[in-house]
Amino acid sequence: MAQIASYASDPRQSRGRRHDEGRSENDGSVRGPRDDFQRDRDRIIHSISFRRLRHKTQVFVAPDGDHFRVRLTHSLEVAQIGRTIARSLGLNEDLTEALCLAHDIGHPPFGHAGEDALEEALADHGGFDHNAQTIRTLTKLERPYPRWDGLNLTWEMLEGLAKHNGPIAQPTWAMAEANSGMALDLNSWPSLEAQIAAVADDIAYDNHDIDDGIRAGLLTIDQLLTLPFIAERWSDICARFPDIEQDRLVPELIRDQIGLMVNNVIETTVSRIKKHGITTVDDVRSAGVMIGGFSDDMAAKERTLKKFMYANLYNHPEQMAAADQARVVVADLVGAYRDKPELMPESWAAALPSAEPDRIRHIADFMAGMTDRYASNSHSEIFGNL
């Protein structure tokens with residue numbers, strides 16, 4: 001294992017897994033020279049739910065173009081950024097990568113539109129949250145092993161997935177259920193690996209959504225130049241490449257923006273490590289504040305960028321129309337499966353609980369695992385084309 005900082009997560013000090021895997025050469029459970037966090041990463045990559053991300057919405061619902069990002073490519077880009085930051089800080093790259101790859105597995109079809117529809121369907125039964133659904137999927141719904149449900153991930157992996165955005169004061173029912181299976185210390189801050197995975201997600205979608213928005217013709221450079229920090233970077237790029245057409249400079253803008261954000265996170269995190277006297281991973285968890293992240297100035301710029309993206313891309317009339325249609329698809333399917341469970345695949349219908357709230361939560365589990373195209377095709381088969 002590569003040398004890591006004293007405040008990094010060490011697989012040799014892991015709090016373990018919920019189920020004892022009884023590793024020995026006699027029972028065939030030793031599969032290659034990997035540590036626990038490397039195994040976690042590989043279990044994510046080999047999972048069915050990870051493969052399904054290739055047909056789940058990132059920005060555009062069921063995009064026709066081959067060049068737009070989907071949840072899978074977004075997750076890979078998050079992992080690349082996360083590894084870069086983790087390496088610079090001396091963190092555990094494997095745990096960081098695993099968290100980045102897994103962070104969106106709980107997203108239902110059609111992105112936030114699908115999530116809103118499931119939230120409404122479960123409003124009287126505890127609601128729906130994609131973050132908690134990620135853990136539910138990886139601890140219960142994935143079933144590749146003969147002796148237990150779930151991927152049997154390490155405590156550090158589950159903790160990071162649960163709390164990468166910070167402590168959880170009021171866990172949802174799904175998060176509380178996961179916590180009861182393996183106490184995740186929900187009131188403390190997570191590891192630095194988890195904090196870096198969270199900010200890597202922000203960096204990736206802030207900038208790559210700009211790229212996709214411009215490619216789709218829903219955003220223009222002129223719109224972006226209303227943001228001073230974007231305008232400054234664009235002016236510098238145009239000065240460096242005065243004879244190059246603007247279309248070819250957009251990727252340079254995206255790269256520069258990512259580089260600025262990554263460098264800011266590294267510098268800010270190093271500064272906070274020193275300021276708070278962080279020397280162990282327990283120090284990170286008990287610091288009482290986020291250690292890994294943007295500086296105050298960069299965080300303010302990033303919030304401004306998000307506000308801009310909601311106003312000009314995510315809430316664009318074309319996007320809103322697609323989202324409205326997606327919500328109808330999800331809501332219709334939930335109602336159909338509730339009234340006629342036999343419309344679900346046989347294995348799901350046979351396992352449907354008889355009483356609420358387990359009944360609607362089971363249907364939501366099935367719905368959350370759907371890809372955009374599977375949901376659309378299922379809706380067409382039951383209701384005809386919209």
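Biologist: Which helices each supply at least two residues of the lining of the largest pocket?

Modeller: That would be helix H3 (71–89), helix H5 (111–121), helix H6 (130–141), H9, helix H14 (296–314) and helix H15 (317–339). A helix is a DSSP run of H or I, at least four residues, numbered from the N terminus. One heads-up: this is a predicted model, with local features needing pLDDT of at least 70 and side-chain atom pairs pLDDT 80 or more, while totals for chains, interfaces and linings use all residues. Residues are numbered from 1 along each chain as its sequence is written, and side-chain values use heavy atoms, leaving out hydrogens and water.

Biologist: What makes this space a pocket?

Modeller: On a 1 Å grid over the protein atoms alone, a pocket is an open set of points with protein on both sides within 12 Å along at least five of seven lines. The largest pocket holds about 1100 Å³, a volume being the space filled by probe spheres set on the points. Its lining has 47 residues, with His-112, Asp-201, Asp-202, Tyr-205 and Tyr-310 nearest the centre. H9 gives the largest share, seven residues.

Biologist: How do you know that a residue belongs to a lining?

Modeller: It needs an atom within 4 Å of a point. By that rule, 39 residues line the second largest pocket, and Ile-48, Arg-52, Leu-141, Glu-142 and Arg-143 are the closest to its centre. H17 supplies the largest share there, six residues.

Biologist: Why are H9 and H12 called roughly antiparallel?

Modeller: Their axes come within 10 Å and cross at roughly 160°. Axes are lines fitted to C-alpha atoms over the stretch in contact, with angles from 0 to 180 degrees between N-to-C directions. Angles over 145 count as roughly antiparallel, so H9 and H12 earn the label.

Biologist: Which residues of H9 meet H12?

Modeller: Among them are Leu-192, Ile-196 and Val-199 in H9, and H12 brings residues including Val-250, Ile-254 and Gln-257. Contact means heavy atoms within 4.5 Å.

Biologist: What makes a space a cavity?

Modeller: A 1.4 Å probe fits at its points but cannot get out. The structure holds two cavities of 30 Å³ or more, and the largest has about 40 Å³.

Biologist: Which of the residues that line the largest cavity is the charged one?

Modeller: Gly-126, Gly-127, Phe-128, Asp-129, Gln-133, Thr-172, Trp-173 and Ala-174 line the largest cavity. Asp, Glu, Lys and Arg count as charged, so the one charged residue is Asp-129. In the second largest cavity, the lining has no charged residues.

Notes:
Angles under 35 degrees count as roughly parallel, over 145 as roughly antiparallel, 65 to 115 as roughly perpendicular and the rest as oblique.
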